[in-house]
Amino acid sequence: MPDYLPKYVSNRGMIAFFVSLAVVNFIFMDNLSSIEFILIGTLEVVTFFYFGTMASMRWRVLSEKQFIKNLFSVALVLRIVVVTLLYFYYDEKTGIPFDYHAGDALFYDDIGHYGSYLIKNGNLFIYDELQKYSGGASRSDMGYPVMLSYIYFFVGDSILLSRYVKAILSAWMCVLIYKLAKRNFGEEAGRIAGVMAMLLPHFLYYCSSQLKESEMIFLTTLALERADALLREPRLKLKNVILPLFLALLLFYFRTVLGAAVLFSLGVAFVFSDNTVLSKHRRWQVAILAVLIALYATSGLIFNEMEGLYQKQQGGMQQSNYAWRAQTNSFAKYASGAVFAPMIFTLPFPTLAYVPGQEVQMMCSGNNFVKNIMSFFTIFAILMLILKKEWRGHLLIISFILAYLVILALSNFAHSERFHMPSLPAAVILMSYGITQLNNNNKWLFNAWSYLMVIAAVGWNFIKLKGRGMI
């Protein structure tokens with residue numbers, strides 16, 4: 001069983017991408033993507049697979065201390081380089097150092113600068129003022145503006161330096177992913193997970209945006225890592241109880257359903273984890289956390305937030321989202337939870353052809369293809385844990401990713417890259433375990449999957465172009 005990202009996996013992934021790219025651009029040659037997006041997508045795929053194999057192979061012999069040092073250092077340098085390059089790239093392409101169609105990013109940036117101004121004038125409690133300034137934004141949209149306000153305050157309102165802060169948090173997240181994967185699946189899987197997180201193009205890309213994803217994913221990973229420590233560490237300490245609960249509740253100020261998914265996974269893990277994770281004599285101790293969760297839930301915050309989000313989604317947001325998609329793609333009427341649910345671990349598929357107004361999707365084609373290929377190992381890992389009857393030892397991770405993705409599959413954002421981001425740390429951890437379970441008897445499944453992903457990529461681009469009347 002491999003203890004690094006196998007070369008044949010990386011080679012298959014890169015070949016599948018190049019075949020998909022060639023087929024799409026040959027069949028739809030009247031809608032060729034621009035050379036810059038093709039090059040960016042290629043760089044995303046090659047960087048992940050080539051250097052993923054190389055780093056995971058070379059670093060497997062390092063001491064744990066040296067591995068963590070290398071992991072954090074290289075992750076940070078990569079992110080700083082990408083942030084700096086994309087800062088000037090966006091400034092050249094859009095006239096401002098923000099990504100294409102930066103609606104939400106500009107919204108957060110504006111509020112963050114206003115919050116920084118308030119702090120400089122002695123107002124340290126800025127939540128209410130920012131909510132008024134934003135026009136009454138919901139609670140789940142206010143956590144990041146408050147955080148960004150303090151970041152701007154400390155970095156002198158510099159957009160570039162604020163993204164370097166994102167780079168630091170994202171590099172730290174790689175170390176947390178390593179620790180969480182190691183605690184669950186062993187040293188080999190932990191190192192594979194850390195290297196994949198270090199190179200995963202999704203994580204690199206969002207450090208270069210003023211969106212909330214990097215901070216939100218870091219907090220999610222920290223919440224899961226601390227919750228897992230609470231379950232597995234032999235001695236119960238008060239801070240180990242308070243910290244994961246606090247982080248889970250904090251996530252409600254970033255994305256409501258994300259906070260709910262973390263709390264749900266905590267509850268499931270406490271009740272159903274086997275005795276190798278949570279011994280019988282400690283269940284009464286960790287029950288204190290369950291009580292705190294229940295007390296918080298009865299305050300009405302969770303239920304009010306969830307109900308408000310559901311009503312908003314079923315009302316104007318849903319109508320406007322479907323209306324927009326119906327205007328751009330005639331196949332949008334067929335999009336539903338029933339359609340997306342079977343593919344929810346793998347979505348979104350890459351935009352390899354030229355689609356007007358979708359520069360972000362074309363720029364992230366390599367990001368999405370990496371996820372498409374590697375999602376095999378997430379699914380494979382869950383199946384192997386079930387077949388080996390070991391799933392109860394890893395319920396925190398499994399229940400979190402399933403809870404979040406089920407909610408996502410039933411929403412209007414199942415094919416939105418941004419909304420998949422919070423699930424990626426758990427997905428990467430499961431991927432690492434799946435990789436360690438590969439052998440000569442089952443790797444044909446991965447080969448078949450790579451063929452399937454080529455077909456899916458070509459089919460997805462056909463749907464995009466046909467639905468818009470471009471072919």
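Does A427 count as buried or exposed, and at what relative accessibility? A427 counts as buried because its relative accessibility is 8%, which falls under the 20% cut-off for that class. The model discussed here is a predicted one.

**Overall make-up**

The secondary structure of the protein chain consists of 21 helices and 0 strands. The chain has 471 residues, and 57% of them count as buried. About 20000 Å² of the protein chain is exposed, with 66% of that area supplied by carbon and sulfur atoms. When contacts between residues at least 6 apart in sequence are taken, 79% of them join residues at least 24 apart.

**A427 and T221**

A427 is part of helix α20, which covers residues 424–436. Leaving aside residues up to four places away in sequence, A427 touches T378 and I401. A427 is also 8.7 Å from F377, C-alpha to C-alpha, although 50 residues separate the two in sequence.

T221 belongs to helix α10, residues 213–232. With a relative accessibility of 2%, T221 counts as buried because the value is under 20%. Its contacts, again without residues up to four places away in sequence, are M173, L176, I177 and P425. Of these, M173, L176 and I177 have numbers that fall in α7 (159–185), and P425 has a number that falls in α20 (424–436).

**Helix α12**

Helix α12 runs over residues 256–272 and has 17 residues. From its first C-alpha to its last, α12 reaches 24 Å, close to the 24 Å expected at 1.5 Å a residue. Most of α12 is covered, with 13 of its 17 residues buried.

**The α6 and α7 pair**

Two packed helices are described by the angle between their axes and the distance between the axes. For α6 and α7, the angle is about 115° and the axes are 9 Å apart. The two helices are therefore roughly perpendicular to each other, and α6 passes α7 in a right-handed crossing. On the α6 side, the contact is made by Y144, M147, I151, Y152 and V155. On the α7 side, I159, L161, S162, V165, K166 and L169 take part.

**Backbone features in loops**

Most residues other than glycine have a negative phi, and most peptide bonds are trans. Against that background, two residues with positive phi are set out below.

| Residue | Phi | Loop | Relative accessibility |
|---|---|---|---|
| D157 | near 65° | between α6 (143–155) and α7 (159–185) | 24%, partly exposed |
| K389 | about 60° | between α17 (365–387) and α18 (395–409) | 72%, exposed |

D157 lies in the loop that joins the packed pair described above, between α6 and α7. Its relative accessibility of 24% makes D157 partly exposed, because the value lies between the 20% and 50% cut-offs. K389, at 72%, is exposed because its value is over 50%. Neither D157 nor K389 is a glycine.

Which residues does a cis peptide bond join? The bond is between L347 and P348, with omega about 0°. P348 is placed in the loop between α15 (337–340) and α16 (359–363).

Notes. Residues are numbered from 1 along each chain as its sequence is written. This is a predicted model: local features need pLDDT of at least 70, side-chain atom pairs count only at pLDDT 80 or more; totals for chains, interfaces and linings use all residues. Side-chain values use heavy atoms; hydrogens and water are left out. Helices (H or I, at least four residues) and strands (E, at least two) are DSSP runs, numbered from the N terminus. The expected span of a helix is 1.5 Å times one less than its number of residues. Buried means under 20% relative accessible area, exposed over 50%, partly exposed in between (1.4 Å probe, protein chains only). Contact means heavy atoms within 4.5 Å. Accessible areas come from the Shrake-Rupley method with a 1.4 Å probe; for residues, only the protein chains shown count as cover. Axes are lines fitted to C-alpha atoms, for helices over the stretch in contact, and angles run from 0 to 180 degrees between N-to-C directions. Angles under 35 degrees count as roughly parallel, over 145 as roughly antiparallel, 65 to 115 as roughly perpendicular and the rest as oblique. A crossing is left-handed if the near helix is turned anticlockwise from the far one by less than a right angle, and right-handed if clockwise.
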